[in-house]
Every structure is written in C-alpha cells, then in structure tokens.
Amino acid sequence: MGAGGARIAVLDYGAANMVSITRALATVGADPVVVAEPACLTDVDALVVPGVGAAAPAMDHLRERGMLEPLREWVRAGKPCLGICLGFQLFFDASDEGNAPTLGLLSGRTVALESAPTLPHIGWNSVEFVREHPLFDGVSSGSYFYFVHSFAPAPNDPSIILSRTTHGRPFVSAVAQGSLYGLQFHPEKSSDAGLRVLANFVGVVNGSRATPAGVA
Amino acid sequence: MLARRVIPCLDVDNGRVVKGTNFVNLTDEGDPAELADRYAREGADEIVFLDITAAHEKRGTVLDVVRRTASRAFVPLTVGGGVRSVDEMRAVLRAGADKVSFNTAAVAEPELLTACAERFGSQAVVCAIDARRLPPVEGTAPRWEVVTYGGRQPTELEAVAWAVRVVELGAGELLVTSMDRDGTGSGFDTDLLAAIAGRVRVPVIASGGAAGPDDFVAAVRDGKADAVLAATIFHRRTHSIADVKSAMAAAGLPVRRTEEWAA
C-alpha cells in the first residue's frame, strides 16, 4: 500500500484514540509521530488532526498549548493536512456544540445532525461520493465507514464536498480543498476501506514531497 | 443508511479468553487479540471485551489486550467490567479502546456516567443494563428489574426507567442483556428491547439469548435494536458473523458487507 516513509505528525490534544490512528498510518507504510507542541511540526511531511468529543474543550486545549497559529500557518502554507471527525469539524468557522469559535480554515459552521433517528450517530454508514477524488481511489461509492458523532459541518462552498452520508438527513462526510482534507468518519476504525483511504492520503503526501534525492 | 451492527463479545480473564456457563467451568480459549483480529476479518462491526478478572492486581492485563488488539484490528473496541473511575476509563481509552461499558459501577455510582461523559463525550460511555422479567401482573405490560453482579443482586430499579435515567446522566449507548434469556439460546427478549428502544434516542445493543441468525433479525426488526451482540454462538462456531449478516440482509436489514463474504 503506497510508497510509504512519509513522516506524518498526529496531533495529540487529549481528544483522540492515538493508538488506532498511529498504528493504522504505520500499517499503510507511513512513519507517524505523535506531536503535542508546535516545535514538533518541523521536519514532518503532513499533519493529521484526529479527535472525538466536544469542540470547545478541544479548542481550549489547542490554545493553551500554543497550537492554534502553527496549525493555521501549516494549512495556509498549503502543506497536507487531514482532519478526522472532531479534527475535521475544527477546520470550519464555528461549532454549534458549545457555541465555540473554531479554526476558520474552511467557510461554514458545524451544526447538530437534524432528524436523526438515533443520536449519537454511532456505527457503520455508507459514504456516497459526490465527485471523484484521489482520497477515495480503489473505494466504491456506497462503501461503509465507521461514524461516531452528533454534529457535522455545513460547508458554505459546495465545491469542496467529496461525499455525503445519510442519517435522518444527508450530511457532508468528506471534503477536500487544496491540500486540506476532512473526514467525518474514522478511517482508523473502518477496517479495510478505512486503511485504503489512509493509504491514499499517504500516497498524496508522498506525491507532494519535494525532497530531492539523497536528502534525508 | 446506518448498518445494523453485529458484535462478538469476548470474556477475558487475566488476559486470556475464557468461556463457561455463568462464570463457572471456565476454560482457556486463547489470546483475545488474536481472536478479536479473526472476528474483525470475518466482518465483526465492533468487538466487546468483557473483563471478568477477579483479582484487582491483575486488572491491568486487559489494557495489554486492548493495546495489542488496537494495533492490528482496525474496528471499534469496547471494554466492559472493572472500570470504576474517570482515571481508569482514561487508561482504557489511551490503550486504544473507543468506549467503556459500565454496569454494576453505574448502579452503585450513577454520577460516574456523567463524569465520564463530560470528560470523554457520551459516545464513549456505554451503560450495560442486565434485566430480569418481574412476575407478570394480570392486565399490565411486562416489567423488568435491573440486576447486578452477573444477575446475583436485585436492585429494585425498573429497567425502562433506569434506561431513561442513564441516558439523561450521559450514557451514549445502552447494552441491554436479558438475564432470563442469557445462556438459554431461546432468543433475545424483544419485548424488553422494544420497551427500552421506544423510550431513548441513543442506540440500543441487544444481548442475551441468541441461538441462530433468525434471533438477530428479530432483535432488530421486533426489538428495534441498532446492534446485536453474542458470545457463545460465535465462539463455538455454531454460526459465523457472515451467517448472521446474510440472514439480516435477506430480511431487508442494512448490514455492512465485507469482501470476505460478499458474493
């Protein structure tokens, strides 16, 4: 799966299962490193922002650690960044969950799932593609991925939407804008389909690595 | 569409999978991480470890099981049994689990559910409810009492009211076991499941009494369960996870198909 070797920083801000995401990235050939401070962002090829839980405490934690600006700078510089679940939601302007301002990297708000028959939305649900994207290479539209959340972002720019999923009403389950990627589901908990998406992300990172031959 | 989950449950004693009847005649059945990985490859939508380790000083063994499983099986993991504080829950989650299930501890200290939900989110807090049918009263709907300590201890809590209460306290999912049916192979108690599912919005996992694929269909169709859990029939290989999913799909229920068994 993929050429591998990409050094991928996984942001630990106290809101994620770090074992699963780091082991999943290693399984698809990447070299994951857990980071909790801005200084650790030098010397890595990509950044993964995982997470489950509430937006407000997560933002507080990032602020206390001085991570807000380094994170924004990373994305503005066009470096590859993947947000998962809460990490994905934090990319938008604000969240209705605790009425928290979030990173403002993507235009839109994170809102509560409406008309959901059960909440939280827990389990495997089908991801219906809106358009083709390298992140979903080798995965068929309608494949099942594991979700666990009660909120989802509503992007203002429909052109960034890669897929939708329905629980009550349809919501946006994946986006891409430049080198910024967001997934509402957990690829690290979605068995083979999830590993394939992570492998595709690592492939994109490898493709964007500008390291000349011979330089470590 | 949200798939109905099929969840194998592994009883873990001192780091090893055991099976037995009512916690007696336990026999060693192997390494939990290995078995969990096999189930994941066979299409399990989630794995539940029930830690039945009695000796307190051996409690840490389940953390090693979770760590080893999370390193190779990329499906959701839940740990039940033995977690009695926010700190203990943090240790289990840090080892790689996604959820912790509370049973006796929730009855003894209901505020624990709230404390854990505030710290880790409701989605990580499962409340296990073991219920036993009360003697029928002519002309009234059936009622169930919550029992703890593996069914040995009655609590005088009415199961449906308790379900509503624990959701208010912060539980994001309910694991409902019929103690009348558990180990009998006479099917899930769909009346109990429907009574609870009709009163809460969180997902309900059915447990206790599965004998064959049709029982799983009934738990979802009649009991309105979102997920079905079983131990014995999967361990003894009486039925595979694929058998159960095929029956559910044939009954028109949405299930996640995996390459191993999809046509």
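**Exercise 1.** In what sense do strand β3 (residues 46-49) of chain A and β4(A) pair, and over how many bridges?

*Solution.* This is a predicted model. Start with the two strands. β3(A) and β4(A) run in the parallel sense, joined over three bridges. Now pick one residue pair. A:L47 has A:C81 of β4(A) as its bridge partner.

**Exercise 2.** Find the pairing between β4(A) and strand β13 (residues 180-183) of chain A, then decide which residues of β4(A) are buried.

*Solution.* First, the pairing. β4(A) and β13(A) are parallel, with four bridges. A:L82 has its bridge partner, A:Y181, in β13(A). Next, the faces of β4 (residues 81-84) of chain A. One side holds A:C81 and A:G83, and the other holds A:L82 and A:I84. All four of these residues are buried, so both faces are covered; a residue is buried if 20 or more other C-beta atoms lie within 10 Å of its own.

**Exercise 3.** Work out which strands stand at the edges of the open sheet of four strands in chain A, and why one side of each lacks a neighbour.

*Solution.* Write the order: β6-β5-β7-β10, with mixed pairing. β6 (100-101) and β10 (151-155) of chain A are the edge strands. Each has a single partner strand, so one side of each has no neighbour in the sheet. Check β6(A): β5 (residues 94-95) of chain A pairs with β6(A) in the antiparallel sense over two bridges. A:S95 is matched there with A:A100 of β6(A).

**Exercise 4.** Describe the contact between chains A and B.

*Solution.* Count residues: chain A gives 28 and chain B gives 29. On the chain A side, β8(A) supplies the largest share, five residues. By type, that side divides into 12 nonpolar, 12 polar and four charged residues.

Key: Residues numbered from 1 in each chain as written. Chains lettered and ligands numbered in written order. Predicted model: local features only at pLDDT ≥ 70, side-chain atom pairs only at ≥ 80, totals over all residues. Contact = placed C-beta atoms within 7 Å. Nonpolar A, V, L, I, M, F, W, Y, C, P; charged D, E, K, R; others polar. Pairing = 2+ DSSP bridges. Buried ≥ 20, exposed ≤ 12 C-beta atoms within 10 Å, placed from the backbone.
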